[in-house]
Amino acid sequence: MPGSTPEAYDVAVLGAGPAGLAGAVTAAELGLSVALLDASDRPGGQFYRHPAPATGATRPEALHHDWAAYADLRDRLAASDVTQLFGHHVWTVTRETAGERWAVHALTGEEDGEDGTHTDVLRDGHGLVPGQRPVTVRARAILLATGSYERHLPFPGWTLPGVVGAGGAQAVLKSGLALPGSRVVVAGSGPLLLAVATSLAAAGAEVPEVVEASGYLGYARRPGALAANPHKLAEAALHGTALLRHRVCLRTRSAVTEAHGTDRVEAVTVSRLDRDWRPVPGTARRVTCDALAVGHGLVPHIDLATALGCATRRAADGTHALALSPLQETSLPGMWAAGETSGIGGAQSARAEGELAAVAIAARLTGERPSPLPRLRALRRRRDRMRAFAETMTAAHAPGPGWTGWLSDDTDVCRCEEVTAGRVREAVADYGARDARTVKLLTRAGMGWCQGRMCGTAVASLTAPATTIPTPPDRRPLATPIPLTTLADLPIPAAEPTGRTDHTDPGGSDDLDDLDGPAGPDGPDGPGDPNPNPHPR
Ligand SMILES: Cc1cc2nc3c(=O)[nH]c(=O)nc-3n(C[C@H](O)[C@H](O)[C@H](O)COP(=O)(O)OP(=O)(O)OC[C@H]3O[C@@H](n4cnc5c(N)ncnc54)[C@H](O)[C@@H]3O)c2cc1C
């Protein structure tokens, strides 16, 4: 296959965010040969997103907190002999030689022709765009650190220009130093909203309101998790102070239930919500703005693993994360995961998990107990402490079932295929659809460019009243569109990877007997297995 690298690394790390960076440098420092792949041009992931060179920004740290942690990882990466493969978009992972080695398949190079011509019309004899080539990286172990993407719940007007994702607004601000508007309402749910609002306000936008659909009392239900993570309280206080300084009003138990405008958003309706996120009649207010940054939490980005049949677990907010052993191994022996792929938890947690996974991988590949052992124990404790907080946070901001009441029948749910809520409701009520897949077949919802990443939650929620079975995670065979010839060149895998079935629950024992144990067979979301997660954490 053109572009293949013949050598096999000890570990291929997929994703160079906080989790992947921590995993890659730790593994290299422990003596492993490491390839680090990321679709972006530079390391850092979503949290440490850099200004594009064209912006001429001289102080990239100005829009970040905890930049010192990134600088440390960056310097260790520079000092290491990690093979850095940026601009490499991984589209699938396969097993080779009877399951002993992994092959990571990526595309690299320009996506558009030199003159900007779209890729569809400018291809060479292999179906590739000039400058674009397939690359295969082989490795004995995989560390999956592909992060997350934003969850969007639709509402009337959400497709108007000027309505942007909250994380997307943050990403554009960090990478392009651009604001989505001059008066920006920030809305949705989850702690990312506070970070986005403070960044936008600090960059000069007027932020009249942060509209949070949940309350913060949910955190009080797990005081232990709060007390064990005082840095999170400090972070919240920092955001609170910044919001006060910029005179930003925080409205909890409220939502933007409609965006108004003709050519672009001009105002939004903010409604009070009941505990189930149903709008309280008579509470609607109109707030003028020229942009709305809206997002309802994050969804683990786990396509590459679920395509292989990796076991998943269902988080408190209904998203699917990978089910992992106490040492971060997935149900597929030889594949580990860290960061948001194992559940939404923030950058610090991602770093701890990346480091822990790397230590576990080194122990497995060398057959030696990790040294020093106390480091591993300390990492595990740190990971568990932060994971407990993350679970509390996820539960506190889980969407209530009443949000579908925001949708009028003519609201687009699937914006790629322009499928309205009315058509989805019709598929359920009139044609007997009982799951999102059937709705997709009847209406084309989820068949467009984003392949359901945008509308998946909405379609599942609109279908849910008709079924009690939780929706399994999507299994997408390809993580990115690729030319057919590249697909045709893919060697047939030597063995179909499957999770071990002889695994006994390691139960978090501290004698580290579980160094050899991947996560057990399918959790609640695993193919055809409705059993509870064998590795609750
Ligand atoms: C849009 C967005 C904005 C965010 N902004 C903030 C913020 O401002 N503050 C905050 O506290 N948290 C933010 N978060 C949450 C933040 O992502 C996490 O807290 C933290 O970055 C998680 O680290 P990670 O290493 O798990 O994942 P990430 O930092 O997301 O890193 C994952 C990396 O994997 C790469 N990747 C994914 N799929 C592939 C593939 N198929 N092939 C190759 N590379 C791939 C990505 O390019 C990315 O670099 C944001 C999340 C999103 C989705």
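# A guided tour of the predicted model

Select W67 and Y70 to begin, and note that both of these residues are buried. The model on screen is a predicted one, and every stop on this tour should be read with that in mind. W67 and Y70 both belong to helix α2, which covers residues 67-79, and because they are three residues apart there, about one helical turn separates them.

Staying with aromatic residues, display the side chains as sticks. By the rule used here, the model has eight aromatic pairs. One of them is formed by W67 and Y70, whose ring centres are 4.9 Å apart and whose planes meet at 50 degrees, so the pair counts as tilted. Now add F47 and Y48 to the selection, since ring pairs link F47, Y48, W67 and Y70 into a cluster. While F47 is in view, select K174 as well, which lies over the face of the F47 ring at 5.3 Å from its centre.

Move next to Y219 and F389, an aromatic pair that is also tilted, with 6.0 Å from centre to centre and 35 degrees between the planes. Y219 is found in the loop between β10 (209-212) and α5 (223-227), whereas F389 is part of helix α9 (residues 373-396), so this pair ties together parts that lie 170 residues apart in sequence. Both Y219 and F389 are buried. For another charge over a ring, select R453 and Y149: the charged end of R453 sits over the ring of Y149, 6.0 Å from its centre.

The ligand is the next stop. Which residues are closest to it? The ligand is surrounded by 30 residues, and the closest of them are D38, F47, V90, Q170 and E340, so that F47, already met in the aromatic cluster, appears here again. To see which elements of the fold take part, colour α1 (18-29), β4 (88-96), β7 (148-150), α3 (166-176) and α8 (347-366), each of which supplies at least two residues of the shell around the ligand.

Individual atoms can then be checked with the distance tool. A polar backbone atom of P18 is 3.2 Å from an oxygen atom of the ligand, and a polar side-chain atom of S40 lies 3.3 Å from an oxygen atom of the ligand. At V90, a backbone N or O atom lies 2.9 Å from a nitrogen atom of the ligand. Taken alone, the ligand exposes 980 Å², and the protein buries 92% of that area.

Turn now to the cysteines, beginning with C455 and C414. Why is there no bond between them? The sulfur of C455 has its closest cysteine sulfur in C414, at 4.1 Å, which is too far for a bond, given that a disulfide needs the two sulfur atoms within 2.5 Å. Over the model, the count of disulfides comes to zero. C455 is buried, with a relative accessibility of 2%, while C249, at 29%, counts as partly exposed.

Two residues with a particular backbone angle complete the tour. Select E418, in the loop between β20 (412-414) and β21 (419-420), where phi is near 55 degrees, a positive value in a residue other than glycine. E418 is exposed, with a relative accessible area of 57%. Then select Q451, in the loop between α11 (436-443) and α12 (456-463), which has a positive phi of about 55 degrees although it is not a glycine. With a relative accessible area of 36%, Q451 is partly exposed.

Conventions:
Residues are numbered from 1 along each chain as its sequence is written. This is a predicted model: local features need pLDDT of at least 70, side-chain atom pairs count only at pLDDT 80 or more; totals for chains, interfaces and linings use all residues. Side-chain values use heavy atoms; hydrogens and water are left out. Buried means under 20% relative accessible area, exposed over 50%, partly exposed in between (1.4 Å probe, protein chains only). Rings of Phe, Tyr and Trp (its six-membered ring) pair if their centres lie within 6.5 Å; planes under 30 degrees apart count as stacked, over 60 as edge-to-face and the rest as tilted. Helices (H or I, at least four residues) and strands (E, at least two) are DSSP runs, numbered from the N terminus. A charge sits over a ring if NZ of Lys or CZ of Arg is within 6 Å of the ring centre and within 35 degrees of the ring normal. A residue is near a molecule or strand if one of its heavy atoms lies within 4 Å of it. A polar contact is a pair of N or O atoms within 3.5 Å; within protein, one must be able to donate a hydrogen and the other to accept it, and residues adjacent in sequence count only if both atoms are side-chain atoms. Accessible areas come from the Shrake-Rupley method with a 1.4 Å probe; for residues, only the protein chains shown count as cover.
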